[in-house]
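Here's a quick tour of how the two chains fit together, sheet by sheet and helix by helix. Keep the viewer open while you read.

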Amino acid sequence: MFIRVNKEKCTGCETCVMSCPYDAIAMKEGKAAITELCQMCRACISVCPEGAILEIEEESDKKEKGQGRGVWVFAEQRDNTIANVSFELIGAGRRLAEMLGTDISAVLFGATESHADELIKWGADRVYLCTDELVKNFNDEPYSRLLSDLITEHRPEIVLAGATPIGRSFIPRVAARLKTGLTADCTALEVDVETKNLLQVRPAFGGNIMATIVCPHTRPQMATVRPRVMKRGEYDAARKGEIVKVSAANIQSRTRVIDSVKEVSEAAINLQEANIIVAGGRGVGGDKGFALLHELAEALGGSIGASRAAVDEGWIPYRHQVGQTGKTVSPKIYFACGISGAVQHLVGMQSSDIIIAINKNAEAPIFNVATYGIVGDVFEVLPLLTKKIKEVKGL
Amino acid sequence: MRIVVCIKQVPDTAEVRINPETNTLIRDGVPSIINPYDLHALEAGLQIKEKAGGSVTVLTMGPPQAELALRESLSLGVDSAILLSDRAFAGSDTWATAYALAKAIEHIGADIIICGKQAIDGDTAQVGPEIAEFLDIPHIAYVRKIDEIGEKSMVVQRLMDDGYDVVESSLPVLLTVVRELNSPRMPSLKGKMAAKKAEIRKLTAVDIGAEENNLGLKGSPTQVRNIFAPEARKDRTMLEGTMEEQINSLAKGLAELKCL
């Protein structure tokens with residue numbers, strides 16, 4: 001497939017040049033020309049007032065897809081606990097399976113049958129379970145090898161995994177091995193009714209813009225999905241499914257996990273799992289300000305987050321950082337205190353259910369994503385807010 | 001020890017803004033930088049060399065102007081630089097990028113390959129692990145500390161959500177590194193002078209013996225179907241009145257949404 005400009009229709013207005021995020025349209029002799037930087041994003045097609053930009057399909061685009069069937073979810077566990085994102089993926093995967101008229105399976109390594117049963121109750125029709133010691137702890141090589149082998153054997157249409165340190169580390173190996181596409185950090189998944197292709201939506205350009213990615217010619221279509229973006233399905237204690245035992249007997253590993261060390265900080269158990277996050281930025285001003293944040297977080301039973309500015313100032317450790325270069329969170333409530341709302345921060349928190357922005361500057365971009373905005377100084381607002389919350393909760 | 005550090009020249013995405021009228025990116029005046037995570041990868045490579053001996057080669061795939069990023073790396077003390085550049089690579093997704101880089105690494109040879117954990121423009125974190133798979137070597141992602149470097153193996157700490165794992169791997173190995181690993185050094189004046197004159201080796205698709213069908217748009221399983229501006233929130237309420245009134249309406253709103 002490629003994009004072409006109909007030179008006769010082109011009036012040289014340069015609208016398309018402005019629209020191209022990849023800088024892939026050059027003006028040659030007063031007409032637009034697509035250069036080799038083109039990524040086929042089609043942004044130019046819709047903006048051209050003359051309808052002069054066309055998408056040309058080639059013979060090679062009609063490659064045959066493998067006969068895939070079923071939606072798969074990789075259900076990750078650590079220390080015998082299934083990660084929340086796994087249940088969210090089953091919810092999302094079930095919806096996709098229904099749209100495609102197929103079923104949904106979960107793949108579970110290093111856990112037990114009762115864990116597999118739990119996945120079934122949350123909506124899986126089938127669980128491929130490996131209980132071998134080799135896959136008890138996360139290890140890239142055995143995980144990627146075993147999952148690749150299972151996919152090759154059963155040929156699912158779609159494979160989803162959590163965009164967690166585990167998923168983001170080993171799923172790319174699987175995609176490389178199977179020569180298929182993988183889209184990272186998706187925030188929405190849909191099915192194109194016409195082609196049955198999976199539409200994978202993710203932030204691009206550091207979250208400045210969203211992109212829809214497709215994998216039209218190879219199977220499975222693979223995606224990692226940000227935790228806390230998808231909704232869990234219905235829990236049904238009576239739901240029955242099939243558990244298929246699989247073996248990792250023939251798999252070798254060149255890496256070995258010697259030790260797993262837990263480092264849990266005081267307030268933030270795990271930011272990504274928190275229901276309520278109270279986050280501070282440059283406007284918090286330092287330790288005194290963060291003490292106010294801690295008080296509010298305590299009253300709410302929430303965790304502490306921070307913008308890159310606050311982390312760079314050394315007011316709070318990096319593990320609390322939310323944003324493109326920190327954690328992606330999506331709690332029920334996110335308090336952004338003294339955070340201006342740089343794009344780098346927004347991409348890490350804008351999928352939160354409710355965002356409460358407190359900032360002195362009424363023009364701060366954080367107010368664009370806020371559910372509630374309070375224009376004011378955090379030193380005035382926070383103590384009042386903490387008092388009120390305590391009152392409401394009867395603390 | 002043959003150390004290869006893969007870097008990417010990226011637009012400084014923190015500087016990218018959206019034109020609210022046209023919903024398109026404003027790229028004018030956005031500077032190109034070395035991907036910030038890759039600076040930590042370069043530093044890791046230099047430190048390993050200082051400890052275990054050997055050489056550090058910096059490798060990038062990109063258009064001819066990516067040479068600037070390589071010269072900047074050379075000014076930090078890297079021994080040699082390779083620019084993998086060919087029109088055939090244009091439009092590569094992560095799969096095709098990793099394939100080409102892996103072929104180049106095969107061509108030059110490496111015991112330790114280091115990448116930043118992800119690039120700030122794409123944020124996929126996929127190319128590193130994919131290179132390792134193409135080379136059929138192990139990888140360890142999110143390395144936050146290097147504990148031991150032996151002749152045939154190394155031990156590192158891998159950052160996880162709940163702490164870290166201590167992982168041992170045989171060599172050759174590919175590492176992707178996080179910011180906690182080190183503080184990147186600044187170029188010296190001498191380094192800057194040397195970098196200006198240093199020769200940059202150029203490799204093309206033919207040089208690395210890459211299969212044409214695996215390159216560029218043709219070799220990329222994924223395609224960008226369309227791009228659009230993130231939706232602004234429609235349910236926003238800016239609170240008004242005295243601070244106490246504002247706090248009261250906030251508490252009321254949260255209670256209605258069953259958040260308290």
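In which sense do strand 6 and strand 7 of chain B pair, and over how many bridges? They run parallel, with five bridges between residues 55-61 (strand 6) and residues 80-84 (strand 7) of chain B. One thing to keep in mind: this is a predicted model. With that said, here's the rundown.

**The mixed sheet**

- Strands 6 and 7 of chain B sit inside an open sheet of 10 strands, ordered 17(A)-11(B)-10(B)-9(B)-12(B)-8(B)-1(B)-6(B)-7(B)-13(B), and its pairing is mixed.
- Its edges are strand 17 of chain A and strand 13 (200-203) of chain B, each of which pairs on one side only.
- From one strand to the next, the twist averages 30°.
- If you want a register check in strand 7 of chain B, B:L83 is the bridge partner of B:T60.
- Helix 3 (residues 94-108) of chain B packs on this sheet, touching strand 1 (2-7), strand 6, strand 7, strand 8 (112-116) and strand 13 of chain B. The direction of helix 3 makes about 150° with that of strand 6 of chain B.
- Helix 4 (residues 127-135) of chain B also packs on the sheet, where it touches strand 8, strand 9 (139-149) and strand 12 (173-177) of chain B. Its direction makes about 75° with that of strand 9 of chain B.
- The link across chains is antiparallel: strand 17 (residues 255-262) of chain A pairs with strand 11 (residues 163-170) of chain B over seven bridges. There, A:R256 has B:E168 as its bridge partner.

**The parallel sheet**

- Six strands make up another open sheet, this one with parallel pairing, in the order 19(A)-18(A)-20(A)-21(A)-22(A)-15(B).
- Strand 19 (303-306) of chain A and strand 15 (237-238) of chain B are the edge strands, each pairing on one side only.
- Strand 18 (residues 276-280) and strand 20 (residues 333-337) of chain A run parallel and share five bridges. In that pair, A:I277 stands opposite A:Y334.
- Helix 7 (residues 287-300) of chain A packs on the sheet and touches strands 18, 19 and 20 of chain A; its direction makes about 175° with that of strand 18 of chain A.

**Between the chains**

- In contact terms, 74 residues of chain B meet 83 residues of chain A. The chain B side splits into 40 nonpolar, 17 polar and 17 charged residues.
- Helix 10 (residues 378-393) of chain A and helix 6 (residues 243-256) of chain B have axes that come within 10 Å and cross at roughly 45°, so the two helices are oblique to each other. The crossing is right-handed.
- Helix 10 of chain A brings A:E380, A:V381, A:L384, A:L385, A:K388 and A:V392 to this contact, while helix 6 of chain B brings B:M243, B:E244, B:I247, B:A251 and B:A255. Eight of these residues are nonpolar, none polar and three charged.

**Inside chain A**

- The domain assignment gives domain 1 (2-61), domain 2 (71-245) and domain 3 (271-393). Taken over C-alpha atoms, the centres of domains 1 and 2 are 36 Å apart.
- Helix 5 (residues 140-154) and helix 6 (residues 165-178) of chain A pack at about 45°, with axes 9 Å apart, which makes helix 5 oblique to helix 6. Their crossing is right-handed.
- Residues in that contact include A:Y143, A:L147 and A:I151 from helix 5 of chain A, and A:F170, A:V174 and A:L178 from helix 6 of chain A. The contact as a whole divides into six nonpolar, three polar and three charged residues.

Notes. Residues are numbered from 1 along each chain as its sequence is written. Chains are lettered from A and ligands numbered from 1 in the order in which they are written. This is a predicted model: local features need pLDDT of at least 70, side-chain atom pairs count only at pLDDT 80 or more; totals for chains, interfaces and linings use all residues. Axes are lines fitted to C-alpha atoms, for helices over the stretch in contact, and angles run from 0 to 180 degrees between N-to-C directions. Helices (H or I, at least four residues) and strands (E, at least two) are DSSP runs, numbered from the N terminus. Angles under 35 degrees count as roughly parallel, over 145 as roughly antiparallel, 65 to 115 as roughly perpendicular and the rest as oblique. A crossing is left-handed if the near helix is turned anticlockwise from the far one by less than a right angle, and right-handed if clockwise. Two residues are in contact if their C-beta atoms, placed from the backbone, lie within 7 Å. Ala, Val, Leu, Ile, Met, Phe, Trp, Tyr, Cys and Pro count as nonpolar, Asp, Glu, Lys and Arg as charged, and the others, Gly among them, as polar. Two strands pair if DSSP finds at least two bridges between them. Domain bounds come from an automatic or database domain assignment.
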